[in-house]
Each structure stands twice: as structure tokens, then as C-alpha cells.
Amino acid sequence: MSRVLRRILTVALLGALLALPAAAAEELPNLVVLATGGTIAGAAGSDVQAGYTSGQVGVEQLLAAVPQARKLAHLRGEQISNIGSQDMTDDVWLKLARRVNELTATPDVDGVVITHGTDTIEETAYFLNLVVRSRKPVVLTAAMRPSTALSADGPLNFYNAVGVAADPDAAGRGVLVVINDWIHGASSLTKTNTTAVQTFLSPLRGLVGTVSYGDCEFYRGAVGKNTVDSEFSLDGVTALPRVDILMAHEGMDGALIDAAVAAGAKGVVIAGVGNGNMTKAAVETLAKHAQKGVVCVRSSRVATGRVGRNVEIDDDKLGLIASDDLNPQKARVLLRLALLKPRPAAELQRLFLEY
Ligand code: ASP
């Protein structure tokens, strides 16, 4: 090879190599980060104190705190709310769901990451799982320690959530929640510890996958109908029906069930003892309201397990619904959407088995 040719080839090769990072950067997926608040955006007076306030840090600060995430995706942020998720409202849910649907319908958006508080993340994730109309990755993340804490968990959780949303393999698995290196399905995860960093588990259905420094390993697809297969829609919806949750206990009477219905509840979910059980007085009160069209669902206050029909309580006779494997807070979400139109008891029961 002549010297000139060799020089030309060397220059061409060098040029190609130098151009590579730019080309790779252009190929990064476009993700939108929707921030809602929570401890991930929380701040305390010092890095070693338990007391703090959720929702103090804005989305731009959140993005600036994890510059490494820009190596995984093109990111832009929007602030949906900035609240502790204990204050989550229907208005924020509707705004968030509509924005996710708008964004994921846009060809230049490849996925959405949502930052949220841990207290109600399972409810928001499950709500979105039922009303988002896209197979594109929609990934929620959160933190147990505020952004100012020693060993804050938010930055790596956020980085991992971006890694999951940027992975084309995350598509079509329903809405996901990424926290502490684990990828949970919206219908399966639940918060199990008030303060521990390792608080979320997916007890019955298992993990969707794991993620290590943005690198994903997927184990399973979605369990239960979701997103593009869901029959629920927010079209024309401005408010969701009231559904209350009441916890069963020794000596429960029907007074609070009556009070919930008097306050306007169209549905009641009982966090029952054991397999969705409750006192005879509570069962009779439920049956009385069920006869008048209030939808009464039996779930369980027990951390894991299914609630089956007609086990110790005759659901067929009393007109009650069994929650199957939805915990009370997720049963409430499903029931609120189900109650957007009138449905016979058999259809309501089908929803609890399918979603
Ligand atoms: N109370 C906080 C919230 O849910 C807790 C957290 O984010 O960890 O917003």
C-alpha cells in the first residue's frame, strides 16, 4: 500500500472514530421526565436528620443532579406537581395520565420517566397501567431518602429508571416501577417497610426484572391486562367516582360502612382479615348496600395472597366482589375506573380477575 493511500485510510478511519460518539449520541432515545414530587425531590436541614419535606426540588435540579443519565438518553423535564405523594389527588392523576398519553403518542418521544413519592407510587403506577394507551416504556421511580441525605438513593434510582426506559426491551411490559435495582410491574409491587430503602416487593407475581447501573435484565412480561389492552379510557372523564377503603378488625360494626355510603361512596373496598373476611355485622351492612347498587369489594389487610370468591362468605348470594390478588389500594383504583359506567356484578368480578 502506498504511503499516500495509507495516509488517506488513516485519516478516514480517524474521522470515522471521531464521528462515532456524535452518531451514537444521536441514536440515544428521547425520554421525557415528568416530576410529581416525593422524597426523591425532598430536602432536609442536614444530611443526617430523619425529618424532611417532600417535593422541594424541581425537575431541572433533579436532572442536573444526575448528569450521567444523559449518556443513556436525551432527557427533558416537565413539572407536573411537586407534592408528597400522600397528597396525591385525582386532578394530578388525570393531568399526569393525559400528559403521558400525549407524549407517548408523539413519534419523537421514546418513553417517559416519572418521579414520584413512595407512599402512593403503587396506586399511581397501577392507575397509569390501566389508562395509558402505549406500549412505550413508562417508568416510575422514587426514593426513600431525601435528595440532601447522606447516601441518598434517588440519584441511582433515577439513573436506573432512565436505563430501563431507554431499553427497547422494556416496551410492552406495562407500566414499570424501578427502585433499589429492581424492576416491578405496576400491578404487583407494594410498599412493605415504612423507612427501609429496600421497601418494595412484588410478592405474588414476582419481579419484571433487575437493573444494575442502567443495565437491564428482564425476567417476565406484564401480568394482567394493561395499557393498550385495557378497556378503560379517560376520554371525557373529569372526575372519578368515590370509593372508600375500610379496614376490618375484631368487633367491626357497620357504622363506618354506612358513613362511607352516606358520604357519597359508589364503591367500598374492605381490607378484610385473612381471605377477605369480616364480622357478620360488617357482611350484613355490605350486603345491604350492595343490594342498593353500591359495589362492595372484599380485599385483604394481609400483605400477600389472593382473595377468592365464596370461600367463607357467600359472594354469589350477597352480591359481593372478591379482589383476587389486588391489595385494597389497587382494588380501589380498579373499582373507580370500573364505576365510570354501569356494569353488572359478573362483569365487575371479571375485571378483578383480568387486571
Ligand atoms: N411521603 C413521601 C412521599 O410519598 C415518601 C417518599 O417519597 O418516600 O412523597
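**Close-ups of the pockets, the ligand and the cavities**

**View 1. The second largest pocket and what lines it.** Sorted by class, the lining of the second largest pocket comes out as eight nonpolar, 12 polar and four charged residues. The model here is a predicted one. For volume, think about 310 Å³ for the second largest pocket. Its lining runs to 24 residues, and if you're looking for the centre, Thr-39, Tyr-52, Met-144, Arg-145 and Pro-146 are the closest to it.

**View 2. The ligand in its place.** So where does the ligand sit? The space it takes is the second largest pocket. Around the ligand you'll find Gly-38, Thr-39, Tyr-52, Ser-54, Gly-84, Ser-85, Gln-86, Gly-117, Thr-118, Asp-119 and Ala-143. Split by class, this shell has two nonpolar residues, eight polar ones and one charged.

**View 3. Polar side chains that meet the ligand.** Start with Ser-85: an N or O atom in its side chain is 2.5 Å from an oxygen atom of the ligand. Thr-39 also faces a ligand oxygen, with a polar side-chain atom at 2.9 Å. Over at Asp-119, the partner is a nitrogen atom of the ligand, which lies 2.7 Å from an N or O atom of the side chain. As for cover, the ligand on its own has 270 Å² of accessible area, and the protein covers 94% of that.

**View 4. The largest pocket.** How much space lies in the largest pocket? About 580 Å³. Its lining is made of 33 residues, and those nearest the centre are Thr-190, Ala-303, Asn-327, Pro-328 and Gln-329. By class, you get 12 nonpolar, 12 polar and nine charged residues in this lining.

**View 5. Helices and strands around the largest pocket.** Which element gives the largest share of the lining of the largest pocket? That's α9, with three residues. Helices α4 (121-131) and α9 (328-338) each put at least two residues into the lining, and so do the strands β7 (190-191), β11 (243-247) and β13 (295-300).

**View 6. The largest cavity.** Besides the pockets, there are two cavities of 30 Å³ or more in the structure. The largest cavity holds about 50 Å³ of space. Its walls come from Asn-129, Arg-173, Gly-174, Val-175, Gly-185, Ala-186, Ser-187, Val-208, Arg-220, Ala-222, Val-223 and Asn-226. That lining divides into five nonpolar, five polar and two charged residues.

**View 7. The second largest cavity.** Here the space comes to about 40 Å³. Lining the second largest cavity are Ser-134, Arg-135, Lys-136, Pro-137, Val-138, Ala-170, Gly-172, Arg-173, Gly-174, Val-175 and Thr-227. By class, they sort into four nonpolar, four polar and three charged. If you've just come from the largest cavity, some names will ring a bell: Arg-173, Gly-174 and Val-175 are in both linings.

Terms used:
Residues numbered from 1 in each chain as written. Predicted model: local features only at pLDDT ≥ 70, side-chain atom pairs only at ≥ 80, totals over all residues. Heavy atoms only, no water. 1 Å grid on protein atoms, 1.4 Å probe; cavity = no way out; pocket = protein on both sides within 12 Å on 5 of 7 lines; lining within 4 Å. Points joined across faces, edges and corners; volume = space filled by probe spheres on them. Helix = DSSP H or I, 4+ residues; strand = E, 2+ residues; numbered from the N terminus. Nonpolar A, V, L, I, M, F, W, Y, C, P; charged D, E, K, R; others polar. Near = heavy atom within 4 Å. Polar contact = N/O pair within 3.5 Å; in protein donor to acceptor, adjacent residues only side chain to side chain. Areas by Shrake-Rupley, 256 points an atom, 1.4 Å probe, with all protein chains shown as cover. Sits in = over half its atoms within 2 Å of the grid points.
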